[in-house]
Amino acid sequence: MKRILLPTDFSENSWNAISYALQLFKNETCEFYLLNTYTPIIYHVEHVLVSPEQYGFGDPIREASLKNLDELKTRIKREFNNPKHTIKSTAAFNNLVPQIIEVVKTRAIDYVIMGTKGATGFKEILFGSNTVHVFKNVKCPTIAIPDGFNFETPREVLFPTDYQIDYQDHHIKPILDIVSLHKARVNILHATYGYDLSEEQEQNKKTLENYFKKSAYVFQSVSNQTVEEGITNFQLKTHINLLVMINNKHSFFENLFFKNTINQIGFHLSIPFLVIPSKKHDS
């Protein structure tokens, strides 16, 4: 059984991500955990050392959160009445990312699935700061769903890699689970600048071959292109439904997303994006 965390602020963007999750795992027995976090205004402007309810803020805000969660559960049952799926919900007085970290640990979450829309709503900003902070800090596979993306069965998965990772089960299992559910093909993409792979890279490539030997996969390479260019150009010739990366320190992933200011992403993504942490949440 899969355990999937669905953070929500009750926006259409977060509903879109919930809808994606329910369809992605429609044939899988799952527990879905809806999570809404709230912080009363006074919490932001003063150091509240006592219960916020004493200020008259906590109860109404919590009640509104619980009411919206109940309505969301009703909508899910109405639109996706799936006997394989159990829906649970939590309203938490906390900031979003620390609460996600807590739930991932206590509930043994397999995936976090959330929308990507930034708080500003500007089209040129790919990910909101919450999404980027989840990528950086939550030790759980996270799928970010672009605003307005309509569900597509993931038939073609793009997995860029520099072969610099000593691949372990927790890196590859989240990919294999989705691939096996939907009979997808994995396109393993390497951007090369004319240098041969090192002995270590060759070994890591063989490890990947072993992991994917029971799945459809193909090794691809592009030359003299940045990773961003390689991803963009590959998508022009192959209809990719899911992009996957491992967030490994000192890899191209870190360079791509975190070297610049938080929203200065080098390319625009119009498909779901699965980010797998280099370390497990229990390590």
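Rings of Phe, Tyr and Trp, the last taken by its six-membered ring, are treated here as a pair if their centres lie within 6.5 Å. By this rule the chain in front of you, which is a predicted model, holds nine aromatic pairs.

**The whole chain**

Begin with the chain displayed as a cartoon, where nine helices and ten strands make up the secondary structure. If you then colour by burial, 48% of the 283 residues count as buried. Among the contacts in the chain with a separation of 6 or more, 84% are accounted for by residues 24 or more positions apart, and several of the stops below show such links between parts of the chain that are distant in sequence.

**Phe25 and Tyr111**

Select Phe25 and Tyr111 and show their side chains. These two residues form a tilted aromatic pair, with 5.3 Å from centre to centre and 45 degrees between the planes. The pair counts as tilted because stacked planes are under 30 degrees apart and edge-to-face planes over 60. Phe25 lies in the loop between α1 (12-24) and β2 (30-38), whereas Tyr111 belongs to strand β4 (residues 111-115), so the pair ties together parts that are 86 residues apart in sequence. Both partners are buried: Phe25 has a relative accessible area of 0%, and Tyr111 has a relative accessibility of 1%.

**The cavity beside Phe25**

Keep Phe25 selected and add Leu24, Lys26, Asn27, Glu28, Leu181 and His182, which together with Phe25 line the second largest cavity. The space in this second largest cavity is about 30 Å³, and the structure holds two cavities of 30 Å³ or more.

**Tyr163 and the ring cluster**

Which residues are linked into a cluster by ring pairs? Select Tyr163, Phe212, Tyr217 and Phe219, and the cluster is on the screen. Tyr163 is in the loop between β6 and α6, and its relative accessibility of 2% makes it a buried residue. Its backbone also deserves a look, for Tyr163 has a positive phi of about 55 degrees although it is not a glycine. Most residues other than glycine have a negative phi. At Phe219, another member of the cluster, add Lys205, which lies over the face of the Phe219 ring at 4.7 Å from the ring centre.

**Tyr167, further along the loop**

Now move to Tyr167, found in the loop between β6 (156-160) and α6 (169-182). Is this residue buried or exposed? Tyr167 is buried, because its relative accessible area is 3% and the cut-off for burial is under 20%. Leaving aside neighbours within four places in sequence, the residues in contact with Tyr167 are Phe159, Thr161, Ile172, Asn204, Thr207, Leu208, Tyr211 and Ile246. Two of these partners merit separate selections. The side chain of Thr161 makes a polar contact with the side chain of Tyr167, at 2.4 Å. Asn204 is 37 residues away from Tyr167 in sequence, yet the two C-alpha atoms are 6.7 Å apart in space.

**Asn224 and Tyr195**

Select Asn224 next, in the loop between β8 (216-223) and α8 (227-237). Like the Tyr163 stop, this one concerns a backbone angle: phi of Asn224 is near 55 degrees, a positive value in a residue other than glycine. Asn224 is exposed, with a relative accessible area of 58%. Then select Tyr195, whose place is in the loop between β7 (185-192) and α7 (199-211). Tyr195 counts as exposed at 67% relative accessibility. A C-alpha to C-alpha line drawn from Tyr195 to Ser223 spans 9.9 Å, while in sequence these residues are 28 apart.

**Three further stops: Arg75, Leu66 and Gln99**

Show Arg75 together with Trp15, where the charged end of Arg75 sits over the ring of Trp15, 3.8 Å from the ring centre. Continue to Leu66 in helix α3 (residues 58-79), a residue that is partly exposed, with a relative accessible area of 34%. Leu66 and Thr90 are 24 residues apart in sequence and 7.8 Å apart in space, from C-alpha to C-alpha. Finish at Gln99, which is placed in helix α4 (residues 96-107) and counts as buried at 12% relative accessibility. With neighbours within four places in sequence left aside, Gln99 is in contact with Leu35, Thr37, Ala92 and Asn94.

Conventions
Residues are numbered from 1 along each chain as its sequence is written. This is a predicted model: local features need pLDDT of at least 70, side-chain atom pairs count only at pLDDT 80 or more; totals for chains, interfaces and linings use all residues. Side-chain values use heavy atoms; hydrogens and water are left out. Helices (H or I, at least four residues) and strands (E, at least two) are DSSP runs, numbered from the N terminus. Buried means under 20% relative accessible area, exposed over 50%, partly exposed in between (1.4 Å probe, protein chains only). Contact means heavy atoms within 4.5 Å. A polar contact is a pair of N or O atoms within 3.5 Å; within protein, one must be able to donate a hydrogen and the other to accept it, and residues adjacent in sequence count only if both atoms are side-chain atoms. A charge sits over a ring if NZ of Lys or CZ of Arg is within 6 Å of the ring centre and within 35 degrees of the ring normal. On a 1 Å grid over the protein atoms alone, a cavity is a set of points where a 1.4 Å probe fits but cannot get out, and a pocket is an open set with protein on both sides within 12 Å along at least five of seven lines; lining residues have an atom within 4 Å of a point. Grid points are joined across faces, edges and corners, and a volume is the space filled by probe spheres set on the points.
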